[in-house]
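Visitor: Could you take me closely through a single part of this model, the aromatic residues and what surrounds them? I would like one connected account rather than a list.

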Amino acid sequence: MRVDFGLERDPAKRFVIWVLLAMNGAEPDLDVAFEDEAEREAARNLLDLVMSARGD
């Protein structure tokens, strides 16, 4: 999946692959994964939501 993430050019598909990687603890750092600040913020928000739902 990390190779797919690196090769994917569609921002929406990259985000979905990153989410799948994050759910398995294998995501790249946000600064590396997303050039756009809005995408980094969306990823942070998603992680916050998941962590709060899991009770972490």
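Guide: Two rings of Phe, Tyr or Trp, the last taken by its six-membered ring, count as a pair if their centres lie within 6.5 Å. In this predicted model, that rule gives four aromatic pairs, and one of them joins W18 and F34 in an edge-to-face arrangement, with 5.6 Å from centre to centre and 65 degrees between the planes. Because W18 lies in helix 2 whereas F34 lies in the loop between helix 3 (30-33) and helix 4 (37-54), this pair ties together parts that are 16 residues apart in sequence. W18 and F34 are both buried, and together with F5 and F15 they form one aromatic cluster. A charged residue also enters the picture at F5, since R14 lies over the face of that ring, at 4.1 Å from the ring centre.

The surroundings of the cluster can be followed through the largest nonpolar core, which has ten residues, including F5, W18 and F34 along with I17, V19 and L21. Helix 2 and helix 3 are the elements that give two or more residues to this core, and helix 2 provides the largest share, five residues. In soluble globular proteins, nonpolar side chains tend to be buried together.

Helix 2, which spans residues 11-23, also holds V16, and here the setting changes: V16 is partly exposed, with a relative accessible area of 49%. With M1 and L20, V16 forms a nonpolar patch on the surface, and the accessible area of these three residues together is about 280 Å².

Key. Residues numbered from 1 in each chain as written. Predicted model: local features only at pLDDT ≥ 70, side-chain atom pairs only at ≥ 80, totals over all residues. Heavy atoms only, no water. Patch = residues over 30% accessible without salt bridge, like charges linked within 9 Å, V, L, I, M, F, W, Y side chains within 5 Å. Areas by Shrake-Rupley, 256 points an atom, 1.4 Å probe, with all protein chains shown as cover. Salt bridge = Lys/Arg side-chain N within 4 Å of Asp/Glu carboxyl O. Helix = DSSP H or I, 4+ residues; strand = E, 2+ residues; numbered from the N terminus. Buried < 20%, exposed > 50% of the residue type's maximum accessible area, 1.4 Å probe, protein only. Phe/Tyr/Trp six-rings, centres within 6.5 Å; stacked < 30°, edge-to-face > 60°. Lys NZ or Arg CZ within 6 Å of the ring centre and 35° of its normal. Core = buried A, V, L, I, M, F, W, Y, C linked by side-chain atoms within 4.5 Å.
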